[in-house]
Amino acid sequence: MTIQWFPGHMTKARRQIQDKLKLIDVVIELLDARLPMSSRNPMIDEILQGKPRLIVLNKADLADPGVTKQWLEVFKQEGHLAVAVDAYSGQGIKEIPVLAKVLLKDKLEKQRAKGMNPRAVRALIVGIPNVGKSTLINRLAGRNIAATGDRPGVTKGQQWIKVGTDMELLDTPGILWPKFEDQNVGYRLAVTGAIREEILNVEDIAFFGVKYLVKYYWEPFSSRFELKEPPQDPENPDDIVAVMEAVGRKRGCIVSGGRVDLEKASGILLRELRAGKLGRYSMEAPY
Ligand code: GDP
C-alpha cells in the first residue's frame, strides 16, 4: 500500500478519525512491537482528544520478548493499558475486548447503578500503514462478522463487527501517518517493512539493519549466515559493508569478477529479516 503523506492527506486522515471518534467509546492504538515509538503517530494525543485508549503492540511474534515486556511496563507506568499480540496467529487478542471494558469500567458501573444494561463497547482501530490493522480486524471478527450498518450515525459504507458479546468494532480502521522528521525513524520503519523501500535506498536500509543487529543481536544474526567473527569495529562503515558482503557470498550474490552484488544481498537480507528468519528482534528499547 502506498500513501503519500502530503499535508492535505494528513488533514483528511485526521478529520476522518475525528469523525469516527463520535461513534466509539475506545480507541485501539496499534503499534509495531518492534518499534513502538517510531510506529506511533506524532500527533496521536491531539488527534484522539482524550478518548480512552488501549495500546496494542502488534507483531509481538517478531519482536524480542524481553524488550516487549519492558515496553509494556513503560506504558503501564505512563498510565496506559497496553497488551502485546500477534494478530497474524491471534495470540493475545482475547485480551483486547477484556481490556476495552476495563478502560470503561467507571462508565459501565454508573450505567449499571442507574439500572441500565450497558451496551457493547464500541471501538476503532487506528495505526500507521502496514502495522496490521486489517489483520487484527479480521482476527477479531473471526467468522462472526455481523453487519449492523443501519444504526444512526454510522456513515454509509461503515459497519460494526461484533467481537464476542461485549465489543463492536468499526470495520474500517483509522489510518495515520508515521513520523518523518528523524531519519533514523525512517530507517527503522523501512527495515521492518513498515514503509516502502522505494522511498529509501535498499542498500542503505540493509546497512542500517545490519549495523543494529550486529550490535544487539550478533548471535542469531551470525548463526543464520554462518559468520564467525563479529566485525572489529561496528562503528566503522567498512566493517559493516564487509558483513553485508559475507552475507551476499553465503547467498550466492556474486557478479562477474567475484564481486558481491550488494543490492541483491541487501534485498535478501531484508526479506529474511522481515520474515523473522533471523530470530526475534526489536529495533527500539525503552532503556
Ligand atoms: P494494515 O495496513 O495496518 O491494515 O496492515 P495489514 O493488516 O495489511 O498487515 C501488514 C502485513 O503485516 C501483512 O503482511 C500481515 O500479514 C502482516 N502482519 C500483520 N499482523 C502481524 C503479526 O502480528 N505478526 C506477523 N508476523 N505479521 C503480521
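## A walk through the model, starting at helix 7

Select helix 7 and show what surrounds it: its buried residues pack against strand 1, helix 8 (202-216) and helix 11 (262-274). Keep in mind as you go that this is a predicted model.

Helix 7 itself runs over residues 183-192, and it is mostly covered, with 8 of its 10 residues buried. To see them, pick Val185, Gly186, Tyr187, Arg188, Leu189, Ala190, Val191 and Thr192. Yes, there's an arginine in that list: Arg188 is among the buried residues of helix 7.

**Zoom out for a moment.** Show the whole chain as a cartoon and you should find 11 helices and 7 strands. Along the principal axes, the C-alpha atoms fill a box of roughly 80 × 35 × 35 Å. Colour by burial next: 47% of the 287 residues count as buried. How much of the contact list joins residues 24 or more positions apart? Among contacts with a separation of 6 or more, such pairs account for 70%.

Now switch on the surface. About 15,000 Å² of the protein chain is accessible, and carbon and sulfur atoms hold 50% of that. If you colour by charge, you have 43 positive and 36 negative charges to look at, and their mean positions are 8 Å apart.

**Next stop: the cavity.** Go back to strand 1, one of the neighbours of helix 7's buried residues. Rolling a probe the size of a water molecule over the atoms shows where empty space is left. Here the count comes to 1 cavity of 30 Å³ or more, and the largest cavity has a volume of about 40 Å³. Two elements give two or more residues to its lining: strand 1 (26-32) and strand 4 (121-127). Which element supplies the largest share of the lining? That's strand 1, with 3 residues. For the full lining, select Glu29, Leu30, Leu31, Ser39, Arg40, Asn41, Ile44, Val126, Gly127, Ile128 and Leu176.

**Two loops with a twist in the backbone.** Most residues other than glycine have a negative phi. Follow strand 4 into the loop that leads to helix 6 (133-141), and stop at Asn130. Asn130 isn't a glycine, yet its phi is positive, about 75°. Is Asn130 buried or partly exposed? It is partly exposed, with a relative accessible area of 47%.

For the other example, jump to the loop between strand 2 (53-58) and helix 3 (65-77), where you'll find Lys59. Lys59 also has a positive phi, about 60°, without being a glycine.

**On to Gly164.** Look between strand 5 (160-163) and strand 6 (167-170): Gly164 sits in that loop. Gly164 counts as partly exposed, at 46% relative accessibility. Try a distance label to Gly90, which is 74 residues away along the chain; the two C-alpha atoms are separated by 14 Å.

**Last stop: Arg280.** Carry on past helix 11 into the segment that follows, and select Arg280. Its relative accessible area is 41%, so Arg280 is partly exposed. What does Arg280 touch, leaving aside neighbours within four places in sequence? Show Ala60, Asp61, Leu62, Ala63, Asp64, Pro65 and Tyr217, which are its contacts. Pro65 is also where helix 3 (65-77) begins. To finish, draw a C-alpha line from Arg280 to His9: they are 271 residues apart in sequence and 34 Å apart in space.

Conventions:
Residues numbered from 1 in each chain as written. Predicted model: local features only at pLDDT ≥ 70, side-chain atom pairs only at ≥ 80, totals over all residues. Heavy atoms only, no water. Helix = DSSP H or I, 4+ residues; strand = E, 2+ residues; numbered from the N terminus. Buried < 20%, exposed > 50% of the residue type's maximum accessible area, 1.4 Å probe, protein only. Contact = heavy atoms within 4.5 Å. Areas by Shrake-Rupley, 256 points an atom, 1.4 Å probe, with all protein chains shown as cover. Lys, Arg positive; Asp, Glu negative; His and termini not counted. Charge placed at Lys NZ, Arg CZ, Asp CG, Glu CD. 1 Å grid on protein atoms, 1.4 Å probe; cavity = no way out; pocket = protein on both sides within 12 Å on 5 of 7 lines; lining within 4 Å. Points joined across faces, edges and corners; volume = space filled by probe spheres on them.
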